[in-house]
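Visitor: I would like a close look at a single part of this model. Please take the packing of its nonpolar residues, and then a few residues one by one.

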Amino acid sequence: MSKLSTVVDRRDAKLSMAHLYVGYVAVLIGAIAGLLQTFVRSGAITLPAGIGYYQLLTAHGILLALVFTTYFIVGFLYAGMSRTMGRFYDLPYRLGWLGFIIMTAGTVLTTIMVLLNEGTVLYTFYAPLKASPWFYIGLTLFIVGSWVAGFGMFRQYFIWRRVNKGKLSPLFSFMAIMTMVLWLVATLGVAVSVIFQFIPWSFGWVDTINVLLSRTLFWYFGHPLVYFWLLPAYIAWYVVIPKIIGGKIFSDSLARLSFVLFLLFSIPVGFHHQLLESGISPFWKYIQVVLTFMVIIPSLMTAFSLFAMFELSGREKGARGLFGWVKKLPWGDARFFAPFMGMLIFIPAGTGGIINASNQLNQMVHNTLWVTGHFHLTVASTVALTFFGISYWLIPHLTGRTLTKRMNLFANIQTILWTVGMFFMSGAMHTVGLFGAPRRTAYTTYGDHPDALGWIPYEVTMAVGGTILFIAVLLLMYIVVNLAFFAPKGVEEFPIGEVAEAAERTPAVLENWRLWIAVSACLILLAYTIPVIDMLEHSPPGSTGFKLW
Amino acid sequence: MHLHKFEKLWLIVGSGALVVFLLIIGINAFAMGHTPPSDNSTLDPKQVDQTAPFDQPGLKKIGENEYEAVIVAQAFTFNTGGDLKIPKGAKVHFKVTSKDVVHGFQIPKTNVNMMITPGHVNTLTHTFNEAGNYLILCNEYCGVGHQAMGVTIEVTP
């Protein structure tokens, strides 16, 4: 193999950029939908031309939570694997493009169905609301496409391991593979549900659907989905940020161990989204709550590693006192500042997650705007700000341009606007959610009920925050377009950190995929077998479909 | 694998807090009876109007200041079989099912919050210790009129 270049191969760069383009187009359209939603909800406007609030809501969820995230992640992981393992071999490279084409066909099909108002079932598409079969087929293609992209990465990794026998794989690539393994295992649930339940039912080949089973399969997927968003952000925190701040990776083995734990504990936990539901016994709900909380351990490890890395690098630069190192962090560098704000926001975001997953506290907040506020902190701030921060160097790196001082300044302003906008929007959502305002609901006063009237000031605050966020999105678009097409030519670094000398050798067991996938499968079987058998044995007659929009 | 001394401490304290937290939730659920609403009974979602007790929705007095409220959720209302009016301090057992899609059942300012899935019954008990007009609303998207899906319950002083 030729000597590893520090620049991503041009051919691989094009593949990666193709994903980023689709991802950022989705951000723009999704953000327009989001802005309009906040105006409708607060009663400021009514939508023209027969556009429905719930149609916008469906588009917003699909475009931002599924399309932007998945395209960005696949593009970022392909680029990082190419950077750390070398140019993609032919087959994995072709699988990358094939995956892109299938995913895009699916995205276009589903988007058309949403625009035609044939799929206004929100991105969770709970049965027995029944969309057009093409809505579900589009989603299936989207998931299958992402699998093909994942197979490309697996193949590349497999060849690399064969060529480099006995060597430890690069940390970035290990983490990328873990992310795609997690995605593959998680999406099996939703794929089974869509292919064997939703598609035959929506075509009318079968009359009814088992609602509880479909919800269980959805949430088997729905919770690891959030870790699929989070892990690539963690890759940037673990591998990229140390290089940007001039430090070293605190510990290679702890980083790998935390990713192994995420694979194990992010999947057998879906019941914590179904805590208030009939037909699942409180015992199995509690078992999954316990498993849910296990994922706090790798999160604590991550927090420790990151702040240890910040402190060590600050002290190396001569920082003194307990907190002197804080001043040594490169606050003016958008590549650091944006993801760092994401990390900070993860502290309240993670705390909110612990509240949501707790048996009894969940009853206070379930399906209220609190939950919407929660995931606007997690995915729409922690993950999104980190992805933006990655884009500021990744896009120019891939297009052979540089991040100028001017764009860096704009990127910092973008980060501040985003944080301020989210403070108002998510803060108001959390608060009014505690008062009982439901999520996913258009403007309403429930016949001027005093409780509902009391929510309106908070809904107005949400619209103010949403407006600030929309301005931030426009600024983001300007930066992204500039970096992709207009920034001066040059070489922008793809930062990959080195492991600190003091860190110990990584045990080979951490790279034993058979072992970890087997343990993961055992935990899934433990958490799901009995309750699912119970669901099948005690299932009521199924439900026919309803199109209530 | 070697862990830094501070990291060990951090993980021990963190995991210890986690264990305590889970114990509290578990004891609260199973020893104190605060398990989430998880009714196991089912019915045919197409036969709700013919299935007891949902063939006669409404409020029934079943004891000293204790009531059962049988409610059918359907797009876009709750069929309560008439006005819901109870005195302060009343204990109400809500028994709810759905005739069509998934609905939510939530009463702001209380802990009443549960999912109503078609084919299943869900139940929850609440004691109204304060007088007032309470809102019962649907908190799961159920279609174009979802935001209108709400009724009230009057708790008299």
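Guide: What follows goes from the nonpolar cores to single residues in both chains. This is a predicted model, in which local features need pLDDT of at least 70 and side-chain atom pairs count only at pLDDT 80 or more, while totals for chains, interfaces and linings use all residues. Residues are numbered from 1 along each chain as its sequence is written, chains are lettered from A and ligands numbered from 1 in the order in which they are written, and side-chain values use heavy atoms, with hydrogens and water left out.

A nonpolar core is a set of buried Ala, Val, Leu, Ile, Met, Phe, Trp, Tyr and Cys residues joined through side-chain atoms within 4.5 Å. Buried means under 20% relative accessible area, exposed over 50%, and partly exposed in between (1.4 Å probe, protein chains only). The largest core has 242 residues, and those touching the most other members are A:Y24, A:F125, A:F135, A:F310, A:Y392, B:F94 and B:F105. Helix α6 of chain A (residues 211–244) supplies the largest share of this core, 24 residues. Helices (H or I, at least four residues) and strands (E, at least two) are DSSP runs, numbered from the N terminus. This core also draws at least three residues from each of domain 1 (1–35) and domain 2 (38–156) of chain B. Domain bounds come from an automatic or database domain assignment. The centres of these two domains, taken over C-alpha atoms, are 36 Å apart. A second, separate core has six residues, among them B:L43, B:V48, B:V70 and B:V72.

Contact means heavy atoms within 4.5 Å, and the contacts below leave out residues up to four places away in sequence. A:F310 touches A:I241, A:I245, A:W325, A:L329, A:F336, A:F340 and A:M343.

A:V22 lies in helix α1 of chain A (residues 10–41). A:V22 counts as partly exposed because its relative accessibility is 21%. Its contacts are A:V67, A:Y71 and A:F100.

A:H272 sits in the loop between α7 (252–265) and α8 (282–294) of chain A and is buried, at 7% relative accessible area. A polar atom of its side chain lies 2.8 Å from the backbone oxygen of A:V269. A:H272 is also in contact with A:H223, A:V289, A:T292, A:A357 and A:N362.

In chain B, B:N28 belongs to helix α1 (residues 5–30). B:N28 is buried, at 18%, and touches A:Q360, B:G33 and B:H34.

Technical notes. Polar contact = N/O pair within 3.5 Å; in protein donor to acceptor, adjacent residues only side chain to side chain.
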